Amino acid sequence: MKITAFTNNCGVLIEEIDLANLTDSDFESLQQAFVEHGLLFFRDQSLSPKQHKSLANKFGDIVVNKIFKTLEGFPEIAVVSKEKQQTTNIGGGWHTDHSYDEEPAMASILVARELPSSGGATKFANMYAAYEGLSEGLKSTLSLITAKHSNEHLYGKGGYFSNTDLSDKLAENVQVSSAMHPVIVIHPESHKPVLYVNKAHTIGFDNWHDDEAFALLNFLYEHGSKPEYTCEFDWQPGSVAIWDNRSTWHFANNDYQGEMRTLHRITIKGSSLAGPVCG
Ligand code: SIN
């Protein structure tokens, strides 16, 4: 397996690997790369839905998606799709998957299925690097703050998606949820501090007024999306991305109007998150 930096600070490209036929030692190296880099890109893979599911099961238990429609026969696979005539896309803003759960998702595995002739790339941002780029003063202030995350404003009754032409992509009985997490999390596997807020799902800080919280959150969103922390992955047939939802943000570009784009996503269960300050 050959691992090279995708960009300076954001992701690695892994070559000379067949995700459909991993040996135990391949998977061990893959898991190590996942913990170290948090964002893995692959080209020229051939993964059936069954093989996609087997790959995900190696990482852990699957979170069965309760927001988007799933692939027939595979309730574990969320269909991330935009039809030719639709204008709104899924994931078209900086976010991380499932931060609104008490035990946020560990990883997501996204597989290209049907791609537009151009556009439709996904941007990613490295939240370890974004954290490191903050001053020591702000790091210590943030380490004392707990944030509230929710998805109700997006997927709930009357929420953002119910008023768009993507409403038919939502599951029949969407389940909304909310949770509190430290703004700075000590990553459960790498044990490194990471910035854990995201524009789509963080809705305020515990014990702060909303206007105060959003002034600081907007600063953090600007900071985390600076070019030095981000990269853009252009999908090709056979492309796969695996990312750590605790240490990355992602953003699906919506620049392919009039064309179809479909990817299949499996999300893997994580654990509750702790900050640097205990007790
Ligand atoms: C997602 O937000 O999980 C989907 C990203 C994409 O479609 O590129």
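This passage describes two sheets and the surroundings of the ligand in a predicted model.

The ligand of the predicted model is placed in the largest cavity. The elements that contribute two or more residues to the shell around the ligand are β16, which spans residues 248–252, and β17, which spans residues 261–268. The residues around the ligand comprise Val80, Gly91, His95, Asp97, Leu110, Thr122, His250, Ala252, Arg261 and Arg265.

Within this set of residues, several side chains place polar atoms at short listed distances from oxygen atoms of the ligand. For Arg265, a polar side-chain atom lies 2.7 Å from an oxygen atom of the ligand, and for His95 the corresponding distance from a polar side-chain atom to a ligand oxygen is 2.9 Å. In the case of His250, an N or O atom of the side chain is found 3.2 Å from an oxygen atom of the ligand. On its own the ligand has 260 Å² of accessible area, and the protein covers 100% of this area.

Strand β16, which gives residues to the ligand shell, also belongs to an open sheet of three strands, arranged in the order β14-β8-β16 with antiparallel pairing. Strands β14 (230–233) and β16 occupy the edges of this sheet and have a single partner strand each, so that one side of each is left without a neighbour in the sheet. Averaged over the sheet and with direction ignored, neighbouring strands are turned by 20° against each other. Strand β8, formed by residues 122–126, runs antiparallel to β14 and is joined to β14 by four bridges; across this pair of strands, Lys123 stands opposite Glu232 of β14. Thr122, which lies within the residue range of β8, is also one of the residues around the ligand.

A further open sheet of three strands follows the order β10-β9-β13, and the pairing here is likewise antiparallel. The edge strands of this sheet are β10, covering residues 178–182, and β13, covering residues 202–205, each of which pairs on one side only. Neighbouring strands in this sheet are turned against each other by 30° on average when direction is ignored. Strand β9, made up of residues 146–150, is connected to β13 by three bridges, and the two strands run antiparallel. Within this pairing, Lys148 has Gly204 of β13 as its bridge partner.

Definitions and conventions. Residues numbered from 1 in each chain as written. Predicted model: local features only at pLDDT ≥ 70, side-chain atom pairs only at ≥ 80, totals over all residues. Heavy atoms only, no water. Pairing = 2+ DSSP bridges. Axes fitted to C-alpha atoms, helices over the stretch in contact; angles between N-to-C directions. Near = heavy atom within 4 Å. Polar contact = N/O pair within 3.5 Å; in protein donor to acceptor, adjacent residues only side chain to side chain. Areas by Shrake-Rupley, 256 points an atom, 1.4 Å probe, with all protein chains shown as cover. 1 Å grid on protein atoms, 1.4 Å probe; cavity = no way out; pocket = protein on both sides within 12 Å on 5 of 7 lines; lining within 4 Å. Sits in = over half its atoms within 2 Å of the grid points.
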